[in-house]
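Please look over the sequence and the structure below before reading on. The paragraphs that follow lead through the fold step by step, beginning with its strands and ending with some of its loops.

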Amino acid sequence: MTDIRTVTVVGAGTMGHGIAQVAAQAGCTVRLADSLPGAVASGLARIRGNLEGAIQRGKVTAEARDATLARISVFDDPVAAARGTDLVIEAIPEQLTLKQALFRELDPVVPSHAILATNTSSLAIGQIAAAATTPGRVIGMHFFNPVHLMKLVEIVVHEGSTPAARDAVIALARAMGKEPIVVKDSPGFASSRLGLALGLEAMRMLEAGVASAEDIDKAMVLGYNHPMGPLRLTDLVGLDVRLAIARYLEQALGSPVFRAPEILARLVSEGKLGKKVGEGFYHWTERP
């Protein structure tokens, strides 16, 4: 594998725009692609907003902001964006068939040295890789929300992932200012499996009236030094996202630990998906 200089991010939403931002800040030429009308414009606006906030906090200069934005170009066609790239990172919805279809489409288009990375938080990397004719270059790069602030990146390797692909994305993650960990391809990896188990138990406690959402979260923040409680974190991630992961892990692992509580399914059915819509376990006055 060659050094990663050009990065194509497919999906300009919550995760994709953040990945594009940190890749550009690391000095990469970035192509942000999304076929959904208006998505790339919205993603670019959110990147600008993140950078403006960083300037106000004294973390980024105006010159660095301008240089970052200059490295990002936008596409409404992922295939066009992937031509000639060194790395594709997909950040599309958490559905196996969608991710497989994307990699099946992009695999014959990207250069032979290019890496195909998925930002999935729980789906089997090996199953996604099976859609590519060269599965060895498929790997997981699981970023965390908000990407421009969170330090962790899970590098998830399946049985066929090449050491060269692994080493290249580890180096890129470090260039982005992230701390990579290497995890074997297993349902939920390390972070989602541990974090979701805690989050679902917090929901069961709320259902049972053990304590309020605020006090359950406070127990973990003040008692265990977590930066954020599990219910507030669920609102940030998205209740619909966590419900989908819970159902997948329950089936994949055969464990009742990951059985979705009734309160989670009910809130999702009511459209209360968390911060992105203004209401979940909390009411939010500001949306991301």
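Helices and strands are here DSSP runs, a helix being a run of H or I with at least four residues and a strand a run of E with at least two, and both are numbered from the N terminus. With these names in hand, it should be kept in mind throughout that the model is a predicted one.

A good place to begin is the sheet, which is open and has eight strands in the order β3-β2-β1-β4-β5-β6-β7-β8, with mixed pairing. At its edges stand β3, made of residues 72-75, and β8, and because each of these has a single partner strand, one side of each is left without a neighbour in the sheet. Neighbouring strands of this sheet are turned against each other by 25° on average, when direction is ignored.

Within the order of strands, β1 (residues 6-10) and β4 (residues 87-90) run parallel and are joined by four bridges. Looking at one residue of this pair, T8 has V88 in β4 as its bridge partner.

Strand β5, which covers residues 115-118, holds T118. Is T118 buried or exposed? Its relative accessibility is 0%, and since buried means under 20% relative accessible area, T118 counts as buried. If its neighbours within four places in sequence are left aside, T118 is in contact with E90, K99, F103, I125, I128, I139, G140, M141 and H142.

The loops also deserve a careful look. In the loop that lies between β6 (138-142) and β7 (152-157) the reader will find P146, and the peptide bond leading from N145 to P146 is cis, with omega near 0°.

Farther along the chain, the loop between β8 (179-184) and α8 (191-207) is the place of F189, a residue other than glycine whose phi is nevertheless positive, near 55°. F189 has a relative accessible area of 5%, and it is therefore buried.

Another positive phi, of about 65°, belongs to N225, although N225 is not a glycine. Where is N225 found? N225 sits in the loop between α9 (213-223) and α10 (230-237). Exposed means over 50% relative accessible area, and N225, with a relative accessible area of 69%, is therefore exposed. Set side by side, these two loop residues give a contrast, for F189 is buried, whereas N225 is exposed.

Conventions:
Residues numbered from 1 in each chain as written. Predicted model: local features only at pLDDT ≥ 70, side-chain atom pairs only at ≥ 80, totals over all residues. Heavy atoms only, no water. Buried < 20%, exposed > 50% of the residue type's maximum accessible area, 1.4 Å probe, protein only. Pairing = 2+ DSSP bridges. Axes fitted to C-alpha atoms, helices over the stretch in contact; angles between N-to-C directions. Contact = heavy atoms within 4.5 Å.
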